[in-house]
Amino acid sequence: MLFTLHKSTLLETLPNIVITGSKSESNRLLLLQALYPELKIENVSNSDDSEVMQKALASTSNLIDVSHAGTAMRFLTAFFATQEGREIVITGSTRMKERPIQVLVEALNALGADISYLENEGCPPLQIKGKSLTNDKVTLKANVSSQYISALLLIAPKLKNGLELTLEGEITSVPYINMTLNLLNQIGVKTTFENNIITVHPLEKLNQQQQVLTVESDWSSVSYFYSIVALSPVGTKINLSYYKKDSLQGDSVLASIYTDFGVITTFNENSITLLKATESQLRSIDCQLQNAPDIAQTIAVTCFGLGLSCHLTGLHTLKIKETDRLVALKTELEKLGARVDITNEALQLYASAQIKDSVSIATYHDHRMAMAFAPLALKTNLHIEDAMVVSKSYPAFWDDLKSIGFKISE
Ligand SMILES: O=C(O)C1=C[C@@H](OP(=O)(O)O)[C@@H](O)[C@H](O)C1
Ligand SMILES: C=C(OP(=O)(O)O)C(=O)O
């Protein structure tokens, strides 16, 4: 579905926006709940990716389709590898069949799993024959995707002797690994992470009869509101729930990054207030995003909308996400009149004073392409192709934008 975003200004008084739970926290906790059914989860994400996860864990079918959900593919591969006596095929969208999973499959097979490729070597679909995993030590590459590491950590406390993971190479997306370890700790699992070695101790049952964990709202989703506030006049203020200062989500680094754009974050009891306090004092932004790859698109588009240049680095994982996000960003920003250079791990945007009117932005089955470009409607008219792609992480995105004054028609 093509959405037309008419050039808009925000309402004078903005409603509080409640954003759904983090899909990263939700998908970890859903997997842990399958292993420890006493666990209760509050504020679970209503994203497609978390629904896929819930359905797959409840399914008795021998064919599991995770569609576009990367975390579900990786976490469920580890989960089904440990389900003795169960044989399944796990598959996904056309793009999912191109997203590599070899590092995880090799690590699981080295631990004693029985996983094989059904189409292309190294990618889904996979055939998994569930077994009891007998080994407890494995080494794997840590520079491709942290999701492989989180997948292994999540099943680790149910392995007889726990797990010792040795990570090779530069570790990417570290906050996501720490999030996994923190959630394990919260349910009573003992872990250590020193240098490049992670250990997880076994835990048969939760200590308390019942444990309730509450998912914080999604920080990647709030990035689009940081961009909206950055592109709005000084004095613009918006409140978003439910957020806390000591977040497990690495994308909470937004609060610090957006000070460069004049946006100040105030942490309230369980919400944040974003205020455009000043115009950006900088002409150019430099950001290393190895620990927060999902906000790269948002930051690049904010810079373009403000006529700033930016140099974003640490982006080597962007090529294997929902689409090759570096190529997609370059192509779509250039349609709007930008000049962009990309390498395998970096993006350079050159400052440009003008934004072309009524351009149609392609989204490449990538929710973040649609959501990152939408704030530009504060500067120009634009079209967003396949706009419902946002439901992968944030189904209420367009309704929330309408509620603050965006004029959107189908
Ligand atoms: O573990 C997670 O929940 C995620 C880890 C990151 O992936 P990589 O480790 O592949 O960069 C991130 O981009 C993704 O959206 C969610
Ligand atoms: C990369 C993402 O998700 P996944 O890898 O889980 O598909 C994302 O949400 O930006």
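# Close-up views of a predicted model

**View 1. Helix 9 and the glycine after it.** Helix 9 is followed by glycine 307, and the phi of this glycine is positive, near 75 degrees. The structure shown here, as in every view below, is a predicted model. Helix 9 itself spans residues 296-306 and is mostly covered, with eleven of its eleven residues buried. If you would like to find them one by one, the buried residues are Ala296, Gln297, Thr298, Ile299, Ala300, Val301, Thr302, Cys303, Phe304, Gly305 and Leu306.

**View 2. Two domains and their contacts.** The domain assignment divides the protein into domain 1 (3-18 + 217-232 + 244-262 + 279-409) and domain 2 (23-214). Taken over C-alpha atoms, the centres of domain 1 and domain 2 are separated by 29 Å. Where they meet, 17 residues of domain 1 are in contact with 20 residues of domain 2. On the side of domain 1 that touches domain 2, five residues are nonpolar, nine are polar and three are charged.

**View 3. The surroundings of ligand 1.** Here you can look for Ser24, Thr71, Ser145, Ser146, Gln147, Ser150, Thr172, Ser173, Tyr176, Pro293, Asp294 and Thr317, the residues around ligand 1. Sorted by class, this shell has two nonpolar, nine polar and one charged residues. Helix 5 (residues 146-155) gives the most to the shell around ligand 1, namely three residues. Ligand 1 lies between domain 1 and domain 2, because both domains give residues to the shell around it.

**View 4. The surroundings of ligand 2.** Around ligand 2 you will find Ala69, Gly70, Thr71, Asp294, Lys321, Glu322, Arg368 and Ser393. This shell has one nonpolar, three polar and four charged residues. Domain 1 and domain 2 each supply at least three residues to the shell around ligand 2. Two names may look familiar from the previous view: Thr71 and Asp294 are among the residues around ligand 1 and are also listed around ligand 2.

**View 5. An open sheet with the order 8-9-11-10.** Four strands form this open sheet, and their pairing is mixed. Strand 8 (137-141) and strand 10 (191-194) are the edge strands, each pairing on one side only. On average, and with direction ignored, neighbouring strands of this sheet are turned by 15 degrees against each other. Strand 8 pairs with strand 9 (residues 163-168) in the parallel sense over five bridges. To pick out one such place, start at lysine 137, whose bridge partner in strand 9 is glutamate 164.

**View 6. A sheet with a helix packed on it.** Another open sheet of four strands has the order 2-13-15-14, and here too the pairing is mixed. Its edge strands, each pairing on one side only, are strand 2 (17-18) and strand 14 (263-267). Strand 14 and strand 15 (residues 271-276) pair over five bridges in the antiparallel sense. Threonine 265 has leucine 274 as its bridge partner in strand 15. Helix 7 (residues 219-230) packs on the sheet and touches strand 2, strand 13 (237-241), strand 14 and strand 15, with its direction making about 25 degrees with that of strand 15.

**View 7. Strand 1 and its two partners.** In a regular strand, side chains alternate between the two faces of the sheet. Along strand 1 (residues 3-6), Phe3 and Leu5 point to one face and are buried, while Thr4 and His6 point to the other and are not. Strand 1 is joined by three bridges to strand 21 (residues 382-384), and the two run antiparallel. In strand 21, leucine 382 stands opposite leucine 5. Strand 1 also pairs with strand 22 (residues 407-409), in the antiparallel sense over three bridges. Serine 409 in strand 22 is the bridge partner of threonine 4.

**View 8. Valine 340 and its contacts.** Valine 340 lies in strand 18 (residues 339-342). Is valine 340 buried or partly exposed? Valine 340 counts as partly exposed, because it has 19 C-beta neighbours inside 10 Å, and a buried residue needs 20 or more. Leaving aside neighbours within four places in sequence, valine 340 is in contact with Leu329, Lys330, Leu333, Glu334, Leu347, Gln348 and Leu349. One of these, leucine 329, is eleven residues from valine 340 in sequence and 8.5 Å away in space, C-alpha to C-alpha.

Methods
Residues are numbered from 1 along each chain as its sequence is written. Chains are lettered from A and ligands numbered from 1 in the order in which they are written. This is a predicted model: local features need pLDDT of at least 70, side-chain atom pairs count only at pLDDT 80 or more; totals for chains, interfaces and linings use all residues. A residue is near a molecule or strand if its C-beta atom, placed from the backbone, lies within 6 Å of it. Ala, Val, Leu, Ile, Met, Phe, Trp, Tyr, Cys and Pro count as nonpolar, Asp, Glu, Lys and Arg as charged, and the others, Gly among them, as polar. Domain bounds come from an automatic or database domain assignment. A residue is buried if 20 or more other C-beta atoms lie within 10 Å of its own, exposed if 12 or fewer, and partly exposed in between; C-beta atoms are placed from the backbone. Two residues are in contact if their C-beta atoms, placed from the backbone, lie within 7 Å. Two strands pair if DSSP finds at least two bridges between them. Axes are lines fitted to C-alpha atoms, for helices over the stretch in contact, and angles run from 0 to 180 degrees between N-to-C directions.
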